[in-house]
Amino acid sequence: MGTLAFPMIGAHTGCDNTPYNTVESFMEGIRLGADVIEVDLRVARDGTVVLLHDDSPYLHEYDYEDLNSLPVRSRISPLYERLEIVRLADVLPIAKQYGVQLNLDLKTTDAIEPCIRLVREHEMAGQVYITGSSDGMTSRNGDFRVVFNTATKLTPEESASYSLFAEKVCREGVEGRYYGLNMHHATCRREVIELAHRNGLAVWVYTVNDPDTMKQLIESGVDAMTTKEVSRLIALKNLSLS
């Protein structure tokens, strides 16, 4: 794969067939050697930041203690018949202990402030990246690395003239003072990577599980790659170093 630096490896929550947004998945990403561990974040009624991907009416009806009671949480998902709902406060100390970076994927804007407050309490601003709902974060929290989520699909016009898309997202990234671009892999081409790098923006791609797509994007120079198949991407990294 040449002399390019290998991208940071991001463990998508639920990596290597573990249940999503669980301590088990979190620890599996660390065990496999990922550089960054992703978690999805929402908030309960009392502002407790919890690891959940999908919205639920129970989040708006219950404080965390009641939300995490067996009768309520088991209605959110059968998974929670045997597992508790994990809080961000539960995994931050683990990340700190192991020195692993975090991708905090905020699913709603109301998760921003309680998430930032909790990260600051743990003195971990330099250990996290923010993706997802990040409106206004770069102006209020300049010490956080916020990665701008670009559109998941190209318009017909952008497909026909990809430079339009590349120029647009890089302009938005620079003007918004973002750390970088967080892109669906199907929208990411070498042209946008090179333009982003010229503008001082990192390029992250998600969720890349196919080995051929992994190799193509590595060769194109992406800075980070999120995958459910962490062991597969680790194997490519080991091969590139051999």
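Here are a few questions and answers about this predicted model.

Reader: Where is Ser 134, in terms of the strands and helices around it?
Author: Start with the elements on either side: strand S5 covers 128-132, and helix H7 covers 137-140. Ser 134 falls in the loop between S5 and H7.

Reader: Is Ser 134 buried or exposed?
Author: Buried means under 20% relative accessible area. Ser 134 has 2% relative accessibility, so this residue counts as buried.

Reader: Which residues is Ser 134 in contact with, leaving aside its neighbours within four places in sequence?
Author: We've just placed Ser 134 in a loop. With those sequence neighbours set aside, its contacts are Ile 112, Val 146 and Tyr 178.

Reader: How many disulfides are there?
Author: A disulfide needs two cysteine sulfur atoms within 2.5 Å. Take Cys 15: the closest cysteine sulfur, in Cys 115, is 20 Å away, so that's too far for a bond. For Cys 170, the closest one is in Cys 188 at 9.9 Å, again too far for a bond. By this rule, the count of disulfides is 0.

Reader: What is the relative accessible area of Cys 15?
Author: The cut-off for buried is under 20%. Cys 15 is buried, and its relative accessible area is 0%.

Reader: Which residue in S9 is the bridge partner of Met 8?
Author: Strand S1 (residues 8-11) runs parallel to strand S9 (residues 224-227), and 4 bridges join them. Within that pairing, the partner of Met 8 is Ala 224.

Reader: Which residue in S2 stands opposite Gly 10?
Author: S1 also pairs with strand S2 (residues 36-43), in the parallel sense, over 2 bridges. There, the residue opposite Gly 10 is Val 36.

Definitions and conventions: Residues numbered from 1 in each chain as written. Predicted model: local features only at pLDDT ≥ 70, side-chain atom pairs only at ≥ 80, totals over all residues. Heavy atoms only, no water. Buried < 20%, exposed > 50% of the residue type's maximum accessible area, 1.4 Å probe, protein only. Contact = heavy atoms within 4.5 Å. Pairing = 2+ DSSP bridges.
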